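Colleague: I am new to this structure and would like a close look at one part of it, the charged side chains that pair with one another. Please set that part in its surroundings as you go.

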Amino acid sequence: MQTRRDSIRKKITSGKYVEYNALSICKINDFYPLISGKIMYQVHCSSPRCKHSALYEDAEEAISTFLELREKLR
């Protein structure tokens with residue numbers, strides 16, 4: 001059985017993004033070339049309840065942050 005975390009990981013590593021209300025997660029390299037050349041994941045939330053925008057090198061850390069922020073928006 002596929003968990004929510006697995007579903008998000010599969011989507012962001014295959015060039016897609018995941019949104020929930022004002023919250024999103026993606027592999028930013030799929031949308032913008034980065035100077036560092038590293039694979040980076042962006043978690044962004046524009047809601048006043050969870051203002052957040054950060055880049056992560058580790059997909060698992062980015063997914064954890066996304067899920068934490070998602071709970072704040074529920």
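**The salt bridges and their surroundings**

Modeller: A good place to begin is the salt bridge in which the side chains of Arg-5 and Glu-60 meet, with 3.0 Å from N to O. This pair links distant parts of the chain, since Arg-5 belongs to helix α1 (residues 4-13) and Glu-60 to helix α2 (residues 59-73), with their positions 55 residues apart. Please keep in mind throughout that this is a predicted model. Arg-5 counts as partly exposed because its relative accessibility is 26%, and Glu-60 is likewise classed as partly exposed, at 28%. The two residues also belong to a network of salt bridges that links Arg-5, Asp-6, Arg-9 and Glu-60.

The structure as a whole holds five salt bridges, and two further ones deserve a careful description. In general, side chains of opposite charge can pair when their charged atoms come close. Lys-27 forms a salt bridge with Asp-30, and here the closest N and O atoms are 3.9 Å apart, which still falls within the 4 Å allowed for such a contact. The partners differ in their exposure: Lys-27 has 15% relative accessibility and therefore counts as buried, whereas Asp-30, with a relative accessible area of 36%, is partly exposed.

The other bridge joins Glu-57 to Lys-38, with 3.5 Å between the closest N and O atoms. Here too the pair links distant parts of the chain, for Glu-57 is in the loop between β4 (52-56) and α2, while Lys-38 is in the loop between β2 (23-27) and β3 (41-45), 19 residues apart. Glu-57 counts as exposed because its relative accessibility reaches 52%, and Lys-38 is partly exposed, at 42%.

Charge also meets an aromatic ring in this model, as the charged end of Arg-70 sits over the ring of Tyr-20, at 4.2 Å from the ring centre.

Turning from charges to rings, the count comes to one aromatic pair. Its members are Tyr-17 and Phe-31, whose ring centres are 6.2 Å apart and whose planes stand at 65 degrees, so the pair is edge-to-face. Like the bridges between distant parts described above, this contact joins separate stretches of the chain, with Tyr-17 in strand β1 and Phe-31 in the loop between β2 and β3, 14 residues apart. Strand β1 itself covers residues 17-20. Both aromatic residues are partly exposed, Tyr-17 with a relative accessible area of 47% and Phe-31 with one of 41%. Together with Tyr-32, Tyr-17 and Phe-31 make a nonpolar surface patch of about 360 Å².

To place these contacts in the whole, the secondary structure comes to two helices and four strands, and along the sequence they follow the pattern α-β-β-β-β-α. The radius of gyration is 12 Å, close to the 11 Å that the globule rule gives for 74 residues, so the chain is as compact as a globular protein of that length. Its C-alpha atoms fill a box of roughly 35 × 35 × 15 Å along the principal axes, and buried residues make up 32% of the 74 residues in the chain.

Methods. Residues numbered from 1 in each chain as written. Predicted model: local features only at pLDDT ≥ 70, side-chain atom pairs only at ≥ 80, totals over all residues. Heavy atoms only, no water. Patch = residues over 30% accessible without salt bridge, like charges linked within 9 Å, V, L, I, M, F, W, Y side chains within 5 Å. Areas by Shrake-Rupley, 256 points an atom, 1.4 Å probe, with all protein chains shown as cover. Buried < 20%, exposed > 50% of the residue type's maximum accessible area, 1.4 Å probe, protein only. Phe/Tyr/Trp six-rings, centres within 6.5 Å; stacked < 30°, edge-to-face > 60°. Lys NZ or Arg CZ within 6 Å of the ring centre and 35° of its normal. Rg over C-alpha atoms; globule rule 2.2 N^0.38 Å.
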